[in-house]
Amino acid sequence: NASRLIGKTVLITGASSGIGAATAILFAKGGSNVILTARRADVLQKVADECTAAHKAAGMQYGGKFVTVQLDVSDKSQINGFLEKIPADLREVDILVNNAGYVVGVDRVGDLSMDNVEGMFSTNVFGLIALTQLFVKDFKKRKTGHVINLGSIAGREAYAGGSIYCATKHAVNAFTGALMRELVDTPIRVTEIQPGMVETEFSVIRFRGDKSAADKVYEGLQPLVAEDIAEEIVWAASRPPHVNLAEVFVLPVNQA
Ligand code: NDP
């Protein structure tokens, strides 16, 4: 029942584009407050404005709040003290969506740059872990909360040219599974969403800006769109409190 989302506070990392932005807007439509975080403050503000518009268009009587807080999850110094940057009336977060992530390059192991390897790990894995730790401490005190992590089909299998991205998403899968089991005696829920191909900015970033190389990947199939994944995230968050949707694996119909 979507009404379970009314008045909840959701924090989303990587909310400036793609899946994160679509998820922010869908939660806003459902009546939740949203704290939008990412590195690009100007783009984030545009998404926050879209949240306000979507909330109003959905006829929500509840006056949802949509705030932006700049955050680079790969920067440890920004995570310490991050809670204090959230406006005081929204500091009791109910749902954390660890969505920030990226892949640059389809590089064979011999061609990997260690800076690139560290960049992917520090965003996709270390940032996700640090933020989860911060909020789970608070969730435990308040005996409530839901952590939703973006894994990937790349966390279930590995492909040539994807060694590091696959390794980061396997790490997300292992971390999320262990966390769920650690929290089994609490009301805190833990979900991992594992999308297949979704056409977002991610697709172009992955090919270092080469749009035609990015488009080739989708030849012969219709990729998912960000809204398809947002729907799964919001669905998981709106289940009754005793239901934990542990893993959601979502593919375009012609991807296997
Ligand atoms: P996008 O590139 O559209 O969005 C990625 C978001 O992450 C952006 O908002 C970006 O914002 C943010 N981001 C990147 N690095 C950082 C950082 N260091 N700190 C904070 N925010 C950061 O990609 P998607 O929406 O497709 O990807 C979202 C998630 O879904 C990722 O975890 C990705 O791995 C996963 N995924 C995507 C798939 C796909 O095919 N698209 C398939 C499976 C999983 P900014 O630049 O403003 O910081």
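# A guided tour of the predicted model

Begin by selecting R239 and W235: the charged end of R239 sits over the ring of W235, at 3.3 Å from the ring centre. The model on display is a predicted one. A second arrangement of this kind can be found by selecting R156 and F249, where the charged end of R156 lies over the F249 ring, 3.7 Å from its centre.

**Aromatic pairs**

Remain with the rings. The structure contains three aromatic pairs. One of them is formed by F121 and F126, a tilted pair with 6.2 Å from centre to centre and 35° between the planes. Is F126 buried or exposed? With a relative accessible area of 51%, F126 is exposed, because the threshold for that class is over 50%.

**Helix α1**

Next, select residues 18-29, which make up helix α1. At 1.5 Å a residue, its twelve residues should span 16 Å, and the end C-alpha atoms are 17 Å apart, which agrees. Colour the helix by accessibility: nine of the twelve residues are buried, so α1 is largely enclosed by the rest of the structure. The buried residues are I19, G20, A21, A22, T23, A24, I25, F27 and A28. After the helix comes G31, which has a positive phi, near 100°.

**The largest nonpolar core**

From α1, extend the selection to the largest nonpolar core, which has 35 residues. Which of its residues touch the most other members? They are I12, F27, L36, I95, V97, I229 and I233. Two or more residues come from each of β1 (9-13), α1, β2 (33-38), α2 (41-57), β4 (95-98), β5, α8 (226-237) and β9 (247-250). The element that gives the most is α1, with seven residues.

Centre the view on L36. Leaving aside residues up to four places away in sequence, L36 touches I12, A15, A24, L44, V47, A48, C51, F66, V67, T68 and V69. Apart from this core lies another, of 23 residues, which include V73, L83, F135 and F139.

**V34 in strand β2**

Return to strand β2 and select V34, which is located there. V34 is buried, at 0% relative accessibility. Beyond residues up to four places away in sequence, V34 is in contact with V10, I12, A24, F27, A28, K65, F66 and V67. For a view along the chain, draw a distance from V34 to A256: the two residues are 222 apart along the chain, and their C-alpha atoms are separated by 34 Å.

**H55 in helix α2**

Now select H55, which belongs to helix α2. This residue counts as buried, at 5% relative accessibility. To which backbone oxygen does the side chain of H55 reach? The H55 side chain reaches that of A28, at 2.8 Å. A28 is itself one of the buried residues of α1. Display the surroundings of H55 as well: with residues up to four places away in sequence left out, H55 touches A28, K29, G31, M60, Y62, G63, G64 and F66.

**Two loop residues with positive phi**

Most residues other than glycine have a negative phi. Two residues to select with this in mind are K143 and R208. K143 has a phi near 50°, a positive value in a residue other than glycine. Its place is the loop between α4 (114-142) and β5, and at 61% relative accessibility K143 counts as exposed. R208 likewise is not a glycine and has a positive phi, of about 50°. R208 lies in the loop between α6 (201-206) and α7 (211-216); at 52% relative accessibility, R208 counts as exposed.

**From A158 to T176**

Move to A158, in the loop between β5 (146-150) and α5. A158 is exposed, with 64% relative accessibility. Select T168 together with A158: they are ten residues apart in sequence, and the C-alpha to C-alpha separation is 11 Å.

Finish in helix α5 (residues 163-182), where T176 is found. Is T176 buried or exposed? T176 is buried, because its relative accessible area of 3% falls under the 20% cut-off. Show the side chains of T176 and N149, which are joined by a polar contact of 3.0 Å. Not counting residues up to four places away in sequence, T176 touches N149, V190, T191 and E192.

Definitions and conventions
Residues are numbered from 1 along each chain as its sequence is written. This is a predicted model: local features need pLDDT of at least 70, side-chain atom pairs count only at pLDDT 80 or more; totals for chains, interfaces and linings use all residues. Side-chain values use heavy atoms; hydrogens and water are left out. Helices (H or I, at least four residues) and strands (E, at least two) are DSSP runs, numbered from the N terminus. Buried means under 20% relative accessible area, exposed over 50%, partly exposed in between (1.4 Å probe, protein chains only). A polar contact is a pair of N or O atoms within 3.5 Å; within protein, one must be able to donate a hydrogen and the other to accept it, and residues adjacent in sequence count only if both atoms are side-chain atoms. Contact means heavy atoms within 4.5 Å. Rings of Phe, Tyr and Trp (its six-membered ring) pair if their centres lie within 6.5 Å; planes under 30 degrees apart count as stacked, over 60 as edge-to-face and the rest as tilted. A charge sits over a ring if NZ of Lys or CZ of Arg is within 6 Å of the ring centre and within 35 degrees of the ring normal. The expected span of a helix is 1.5 Å times one less than its number of residues. A nonpolar core is a set of buried Ala, Val, Leu, Ile, Met, Phe, Trp, Tyr and Cys residues joined through side-chain atoms within 4.5 Å.
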